[in-house]
Amino acid sequence: MQLLIKNAKMLKSDGELQLHDIFIDNGLIESIEKADESTRQVSEDTQVIDAGGKLITAGFIDMHVHLREPGFEHKETIETGARSAAKGGFTTIACMPNTRPVIDNPDTVRLVLDKAKEANLVHVLPYAAITKNELGRELTDFEALKEAGAIGFTDDGVGVQSAQMMKDAMARAARIGMPVIAHCEDNTLVEGAPVNEGTFARKHGLKGIPNESEAIHVGRDILLAEATGVHYHVCHVSTEQSIRLIRQAKEIGIKVTAEVCPHHLLLSEEDIPGMDANWKMNPPLRSKRDVEACIQAVEDGTIDIIVTDHAPHSEEEKAKGMQLAPFGIVGFETAFPLLYTKFVATGKWTLSHLIQRMTSDPARVFGLKSGRLEVGAPADLTLIDLEEEHSVDPATFATKGRNTPFTGWVLQGWPVTTIVSGKVVYCES
Ligand SMILES: NC(=O)N[C@@H](CC(=O)O)C(=O)O
Ligand SMILES: [Zn+2]
Ligand SMILES: [Zn+2]
C-alpha cells in the first residue's frame with residue numbers, strides 16, 4: 001500500500017513551516033520532498049491525500065490511558081478507546097492494567113493485544129501490574145509478562161504502599177531492562193478524600209488530598225530507583241514538591257522521568273464550579289502554585305512528556321456526586337486543541353516544544369521507534385487544522401466517556417486526519 005500526502009505543512013528544525021509532499025510505502029515514510037520541488041510520479045493505485053496546507057506531525061504518543069477492557073466495557077472498549085485516540089491525533093497509546101481481571105498475567109496481556117489488533121486502529125502497548133490484582137501483596141511474573149508483550153510495570157489507580165514491595169519490583173524490573181511506572185499516593189494521608197486539600201475542600205467541608213501524599217511516594221521511589229538502577233517513571237505529576245524531588249534526582253543522574261496531564265497544566269482547584277464530579281480526578285486539581293510549577297517543569301524538561309490519563313466513566317457513575325463518583329476524566333479528543341490554544345496560540349510555547357512533548361519525547365523515554373517525522377520512520381502521522389475553531393461538545397466524542405470539565409471551551413488546532421502504519425484510521429467528516 002502506497003500513500004502520497006501532498007502540500008502538508010511540516011515543522012522544520014528552525015521552527016519554520018514549509019509545504020512538503022510525503023510518500024509512504026509499506027507503512028514507512030519513504031521520502032519527504034519540498035512540495036514545489038517534488039517530482040514524484042505515483043502509480044494509479046497509490047492513495048493521494050491533498051493536505052491543503054494543514055500541519056503534519058508525527059502521530060501523538062500517549063503513555064498513560066485507560067481502555068477499560070476487559071471488565072468495564074460499559075465505560076470503554078479497546079475499540080472505542082482506540083477510535084477516540086485516533087480522533088485526538090494519537091497513533092500510539094499505552095494502556096493501564098486496572099481492568100477486571102487486572103492485566104497481571106500473560107493471558108490478559110495477550111487478550112489486550114489481540115483486541116487491539118482486531119480494532120486495527122492505533123498501536124496499543126499494554127502495561128502489566130506490579131502486584132497481583134494491584135493489591136500490593138505479591139509481585140506478578142515480570143519475565144512472563146514481558147515475554148507476552150507488556151512494556152512496563154505499574155499498579156496505576158493505586159500506589160504501591162510497601163517500600164519493600166516497590167524495592168523488590170524495581171530490582172526485578174531493572175534485571176530485565178523494564179521500567180517501573182508509578183501512581184504515587186500514600187493511602188494513610190488520603191483516607192477517602194475526593195478533592196485537593198485546599199480552598200475547594202474547605203469551602204465545601206470535604207476531606208482533602210494533601211500534596212505530601214503524592215510527593216512522599218515520589219521521594220521514596222527516587223531513593224529506591226537510585227538503589228536499584230531501574231528506569232523509574234512518575235505518573236501524572238501534580239505537585240510542586242514532587243517536581244522539586246524529580247528535578248534534584250535528575251541533576252544527580254538518577255534514571256527518573258515524569259509525565260503531566262493537560263488538566264494539571266490548565267486547571268486549578270479554584271476553577272471547580274461546584275460539586276460536579278466531572279472535575280474529580282486523581283491526582284486532584286491542585287493549587288495555582290502547583291499548576292505554575294507543573295508548567296515550569298514542562299518548560300525546563302523536568303517533566304518529560306504530556307499524557308492524557310484518559311479515564312472514561314459512565315454518566316451514571318459520575319452522577320453519584322463529588323464524594324462518591326469514581327476519579328477520572330476523558331482526555332484523547334481535547335488534549336492537543338487544549339494545549340495548542342492555551343500554550344502555543346498564546347505565544348507561551350513554540351509549536352515544536354508542544355509537539356516534542358507529545359511525540360519524540362515519549363518515544364525517547366520509552367524507547368519507541370515512532371514519534372519522528374523523517375525518512376525511514378513508521379508512517380504514523382497526524383494532520384492538524386490549526387485554524388479550525390470550535391467548542392468542546394462531549395456529544396460528538398468517539399469515546400464512550402462524556403466526563404470532561406472542558407465542555408464548551410472554544411479551542412483551535414483540531415486533528416483532522418490520523419494515519420497509522422500508512423493507513424488512514426481517522427478522517428474528519
Ligand atoms: N486518574 C484517575 O482519576 N483515574 C484513573 C486511575 C488513575 O490514573 O490513577 C482511573 O482508572 O479511572
Ligand atoms: Zn494514577
Ligand atoms: Zn491513570
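## A tour starting from Ile 61

Select Ile 61 to begin: this residue is found in strand S6. Keep in mind throughout that you are looking at a predicted model.

Is Ile 61 buried or exposed? Ile 61 counts as buried because 29 C-beta neighbours lie inside 10 Å of it, and the cut-off for a buried residue is 20 or more.

Now show what surrounds this residue. Leaving aside neighbours within four places in sequence, Ile 61 is in contact with Phe 90 and Thr 92, and also with Met 358, Thr 359, Pro 362, Ala 363, Leu 368, Ser 370 and Gly 371. Try drawing a C-alpha to C-alpha distance from Ile 61 to Ser 370: the two are 8.4 Å apart in space, yet 309 residues apart in sequence.

Next, colour strand S7, residues 90–95. Which residue of S7 stands opposite Ile 61? It is Thr 92, which is also among the contacts of Ile 61. S6 and S7 pair in the parallel sense, over 4 bridges.

Add S8 and you have the whole sheet: 3 strands, open, in the order S6-S7-S8, with parallel pairing. The edge strands are S6 (60–65) and S8 (123–126), each of which pairs on one side only. Look along the sheet and you will find neighbouring strands turned by 20 degrees against each other on average, direction ignored.

With the sheet still on screen, select helix H2, residues 106–119. This helix packs on the sheet, where it touches S7 and S8. Compare the direction of H2 with that of S8: the angle is about 175 degrees.

Ligand 1 is the next stop. What surrounds it? Select His 66, Asn 98, Asp 156, Gly 157, His 183, Met 281, Asn 282, Asp 309, Ala 311, Pro 326, Phe 327 and Gly 328 to display its shell. Colour these residues by class and you should see 6 polar, 4 nonpolar and 2 charged.

Finally, zoom out to the full chain. A cartoon view will show 13 helices and 17 strands. The chain has a radius of gyration of 21 Å, close to the 22 Å that the globule rule gives for 429 residues, so it is as compact as a globular protein of that length. Along its principal axes, the C-alpha trace spans about 65 × 45 × 45 Å.

Colour by burial, and 55% of the 429 residues will come up as buried, as Ile 61 does. A contact map adds one more view: of the contacts with a separation of 6 or more, 74% are between residues 24 or more positions apart.

Notes
Residues are numbered from 1 along each chain as its sequence is written. Chains are lettered from A and ligands numbered from 1 in the order in which they are written. This is a predicted model: local features need pLDDT of at least 70, side-chain atom pairs count only at pLDDT 80 or more; totals for chains, interfaces and linings use all residues. Two strands pair if DSSP finds at least two bridges between them. Helices (H or I, at least four residues) and strands (E, at least two) are DSSP runs, numbered from the N terminus. Axes are lines fitted to C-alpha atoms, for helices over the stretch in contact, and angles run from 0 to 180 degrees between N-to-C directions. Two residues are in contact if their C-beta atoms, placed from the backbone, lie within 7 Å. A residue is near a molecule or strand if its C-beta atom, placed from the backbone, lies within 6 Å of it. Ala, Val, Leu, Ile, Met, Phe, Trp, Tyr, Cys and Pro count as nonpolar, Asp, Glu, Lys and Arg as charged, and the others, Gly among them, as polar. The radius of gyration is taken over C-alpha atoms; the globule rule is 2.2 Å times the number of residues to the power 0.38. A residue is buried if 20 or more other C-beta atoms lie within 10 Å of its own, exposed if 12 or fewer, and partly exposed in between; C-beta atoms are placed from the backbone.
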